[in-house]
Amino acid sequence: MTFDQTKWVWRNGTIIPWEDATTHVSSHALHYGSGVFEGMRCYETLDGPAVFRLEEHLDRFYQSATVHGMVIPYQREELSEAICELIERNGFKNCYIRPLCYYGSSSLGLHPAKCPIELVILVWPWAAYLGEEGLESGVRVTVSPWMKFHSEMMPTTAKACGQYINSILAVREAVSRGFDEALLLDIDGNVAEGSGENLFLVKRGELFTNDERHSILLGITRDAVIQIARDQGYRVNIGPISLDDLLDADEAFFTGTAAEVTPIREVDEVRINEGKRGPITELIQNVFFSATAGRDERYRDWLTFVTSQTVKLVC
Ligand SMILES: Cc1ncc(COP(=O)(O)O)c(C=O)c1O
């Protein structure tokens with residue numbers, strides 16, 4: 001990943017040069033992780049760059065803020081426009097989009113009441129999160145010794161900055177042992193999710209995934225994949241997933257904005273089936289990437305086109 005190509009950042013209503021987008025060391029969020037954020041992707045299509053599921057990401061952004069008692073000081077139309085304008089200004093066709101709303105500098109008491117609410121949007125080109133090779137051949141994951149926090153400890157369905165320390169512990173530990181990604185269990189010992197991805201299994205031609213009862217973030221890619229799989233005629237079962245279910249699966253894959261649809265080929269040195277991308281995973285990947293590229297009419301509504309000349313005029 002590199003920020004080299006990003007020239008402009010949106011901050012509190014204005015587009016400013018990258019090098020001016022700094023924050024003070026006394027910012028509340030820097031000390032305590034008091035902020036909420038989103039992660040979206042913009043994809044190149046024949047009709048120009050388009051943000052994938054912008055509306056759903058903005059819904060979650062506002063919901064995350066509400067859960068944490070923050071009021072985002074901009075209307076969603078302003079944020080949609082800001083995102084599209086920023087992508088155009090930076091001249092990107094494919095990029096990752098990171099809106100972040102956080103408590104700035106005023107006091108370092110834990111209660112952030114006095115701190116100003118800051119809102120920034122960053123965009124940058126971000127290649128396949130778990131590698132191009134991972135997208136094709138699958139990744140090797142390990143069950144983390146760190147558990148996913150329970151929703152009674154922190155809301156798992158909100159995307160708040162500080163909670164990612166749990167994911168960071170898990171992924172660092174996994175990578176230190178030579179794995180690509182960590183898989184976290186919930187407090188009941190069922191599988192929760194990856195450090196930044198949801199999990200799907202395929203068994204006897206049916207799909208399986210879990211939900212918020214298992215301490216996961218309800219991924220927007222997960223939702224897209226559930227719809228794609230059903231449209232392809234597959235049954236999708238939603239419920240707990242045990243480690244045995246995973247090890248015994250015919251196929252397994254991660255979903256996420258960053259990771260997109262990434263096959264899992266091994267869990268702690270145990271191969272999933274033949275240890276390569278399975279046929280249903282590949283089919284779902286293909287439909288997913290057709291949808292993000294605007295080539296599948298069924299999912300055209302999932303795209304918000306960035307330039308004003310295009311079909312769906314939101315920005
Ligand atoms: C912990 C966690 N789970 C799952 C996901 C996948 O969510 P989405 O598909 O909305 O990106 C993410 C990424 O945002 C995440 O951070």
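## A guided tour, cysteines to ligand

Start by selecting C115: its sulfur is 12 Å from the closest cysteine sulfur, in C101, too far for a bond. A disulfide here is a pair of cysteine sulfur atoms within 2.5 Å. Before you move on, note that this is a predicted model, in which local features need pLDDT of at least 70 and side-chain atom pairs count only at pLDDT 80 or more, while totals for chains, interfaces and linings use all residues. Residues are numbered from 1 along each chain as its sequence is written, and side-chain values use heavy atoms, with hydrogens and water left out.

**Stop 1: the cysteines**

Is C115 buried or exposed? At 7% relative accessibility, C115 is buried; that word means under 20% relative accessible area, with exposed over 50% and partly exposed in between (1.4 Å probe, protein chains only). Now select C42, which is buried too, at 2%. Its closest cysteine sulfur, in C95, is 4.6 Å away, so no bond is possible at that distance. How many disulfides does the structure hold? Zero.

**Stop 2: the cores**

Next, show W10, V51, I83, I87, I97 and L119, the residues with the most contacts inside the largest nonpolar core, which has 30 residues. Such a core is a set of buried Ala, Val, Leu, Ile, Met, Phe, Trp, Tyr and Cys residues joined through side-chain atoms within 4.5 Å. Color β4 (40-43), α2 (54-67), α3 (76-90), β6 (95-103) and β7 (117-124) to see the elements that give two or more residues to this core. Helices (H or I, at least four residues) and strands (E, at least two) are DSSP runs, numbered from the N terminus. Helix α3 gives the largest share, six residues.

Zoom in on I83. Leaving aside neighbours within four places in sequence, I83 is in contact (heavy atoms within 4.5 Å) with M40, V51, L54, L58, I97, P99 and I121. Then select V202, I226, A229 and V261, which are among the 23 residues of a second, separate core.

**Stop 3: the ligand**

Now center on the ligand. Which residues are closest to it? They are K159, Y164, E193, T221 and T257, out of 15 that surround the ligand, each with a heavy atom within 4 Å of it. Three distances are worth drawing:

- K159: an N or O atom in its side chain is 2.7 Å from an oxygen atom of the ligand.
- I220: here a backbone N or O atom is 2.7 Å from a ligand oxygen.
- T257: a polar side-chain atom is 2.6 Å from an oxygen of the ligand.

On its own the ligand has 380 Å² of accessible area, and the protein covers 95% of that (Shrake-Rupley method with a 1.4 Å probe; for residues, only the protein chains shown count as cover).

**Stop 4: two positive phi values**

Most residues other than glycine have a negative phi. Select E260 in strand β15 (residues 260-267), where phi is positive, near 55°. E260 is buried, with a relative accessible area of 6%. Then go to D268, in the loop between β15 and β16 (270-271). D268 is not a glycine either, yet its phi is positive, about 50°. At 29% relative accessibility, D268 is partly exposed.

**Last stop: T281**

Finish in helix α8 (residues 279-292), where T281 is found. T281 is buried, at 0% relative accessible area. Leaving aside its neighbours within four places in sequence, T281 is in contact with E251, A252, F253 and P263. Draw the C-alpha distance from T281 to F253: the two are 28 residues apart along the chain and separated by 6.9 Å.

Conventions:
Polar contact = N/O pair within 3.5 Å; in protein donor to acceptor, adjacent residues only side chain to side chain.
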